[in-house]
Amino acid sequence: NPSPPAMASNVTNKTDPRSLNSRVFIGNLNTLVVKKSDVEAIFAKYGKIVGCSVHKGFAFVQYVNERNARAAVAGEDGRMIAGQVL
């Protein structure tokens with residue numbers, strides 16, 4: 001079943017400085033409960049997400065620009081999701 005076109009790619013490991021500055025690390029994430037689509041839904045309000053990767057206990061979100069990333073960090077730091085504080 002094809003995923004909807006709105007889904008961001010899984011690529012969040014580009015190393016060019018622009019990509020690094022517009023990437024957000026999300027630590028202490030309950031990945032048993034929280035899925036990639038949930039992460040995207042939570043963080044999409046800060047800007048267009050071009051990449052999202054979810055790993056055991058953490059995730060990365062890649063935005064178009066650094067302004068989006070900074071807004072996301074400011075807005076979500078300390079937020080409780082699925083019983084764990086980000």
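These exercises work through the sheet, helices, aromatic pairs and loops of one predicted model.

Residues are numbered from 1 along each chain as its sequence is written. In this predicted model, local features need pLDDT of at least 70, side-chain atom pairs count only at pLDDT 80 or more, totals for chains, interfaces and linings use all residues, and side-chain values use heavy atoms, with hydrogens and water left out.

**Exercise 1. The annotated region**

Task: State which residues the UniProt annotation "domain: RRM" covers, and give the helix and strand content over residues 22-86.

Solution:
- The UniProt record, an unreviewed entry, places "domain: RRM" on residues 22-86. UniProt positions are given in the numbering used here, feature names are shortened, and annotations may be inferred rather than shown by experiment.
- Helices (H or I, at least four residues) and strands (E, at least two) are DSSP runs, numbered from the N terminus.
- Residues 22-86 are 29% helix and 32% strand. The end C-alpha atoms of this stretch are 18 Å apart.

**Exercise 2. The sheet**

Task: Find the strand order of the open sheet, then name its edge strands.

Solution:
- Two strands pair if DSSP finds at least two bridges between them.
- Strand E2 (residues 49-55) pairs with strand E3 (residues 58-63) in the antiparallel sense, over six bridges.
- E1 and E3 are also antiparallel, over four bridges.
- The order of the three strands is therefore E1-E3-E2, with antiparallel pairing.
- The edge strands are E1 (23-26) and E2, each pairing on one side only.
- Neighbouring strands are turned by 10° against each other on average, direction ignored. Axes are lines fitted to C-alpha atoms, for helices over the stretch in contact, and angles run from 0 to 180 degrees between N-to-C directions.

**Exercise 3. Register and turn**

Task: Give the E3 partners of Ile49, Ser53 and His55, and describe the turn of the E2 and E3 hairpin.

Solution:
- Ile49 stands opposite Tyr63.
- Ser53 has Phe60 as its bridge partner.
- His55 has Phe58.
- Two residues lie between E2 and E3 in the hairpin. Gly57, in the turn, has a positive phi of about 90°.
- On the E1 side, Ile26 stands opposite Ala59 in E3.

**Exercise 4. Helices on the sheet**

Task: Work out which strands helix H2 touches, and which residues of H2 are buried.

Solution:
- Contact means heavy atoms within 4.5 Å.
- H2 (residues 36-43) packs on the sheet and touches E1, E2 and E3. Its direction makes about 135° with that of E2.
- Helix H3 (residues 66-76) packs on the sheet too, touching E1 and E3. Its direction makes about 25° with that of E1.
- Buried means under 20% relative accessible area, exposed over 50%, and partly exposed in between (1.4 Å probe, protein chains only).
- The buried residues of H2 are Lys36, Val39, Glu40, Ile42 and Phe43.
- Down the H2 axis, these buried residues fall within an arc of 165°, so they line one face of the helix. The arc is that of the directions from the helix axis to the C-beta atoms.
- They pack against E1, E2, E3, H3 and strand E4 (80-81).

**Exercise 5. Aromatic pairs**

Task: Count the aromatic pairs and classify the pair of Phe25 and Phe58.

Solution:
- Rings of Phe, Tyr and Trp (its six-membered ring) pair if their centres lie within 6.5 Å; planes under 30 degrees apart count as stacked, over 60 as edge-to-face and the rest as tilted.
- The count is three aromatic pairs.
- Phe25 and Phe58 are 5.7 Å centre to centre, with 35° between the planes, so the pair is tilted.
- Phe25 lies in E1 and Phe58 in E3, so the pair ties together parts that are 33 residues apart in sequence.
- Phe25 is exposed at 51% relative accessibility. Phe58 is partly exposed at 27%.
- Phe25, Phe58 and Phe60 form one aromatic cluster.

**Exercise 6. Positive phi**

Task: Locate Asn28 and Ala82, and give the phi of Asn28 and of Ala82.

Solution:
- Most residues other than glycine have a negative phi.
- Asn28 has a positive phi, near 55°. Asn28 sits in the loop between E1 and H2, partly exposed at 43%.
- Ala82 has a positive phi near 50°. Ala82 sits in the loop between E4 and strand E5 (84-85), partly exposed at 37%.
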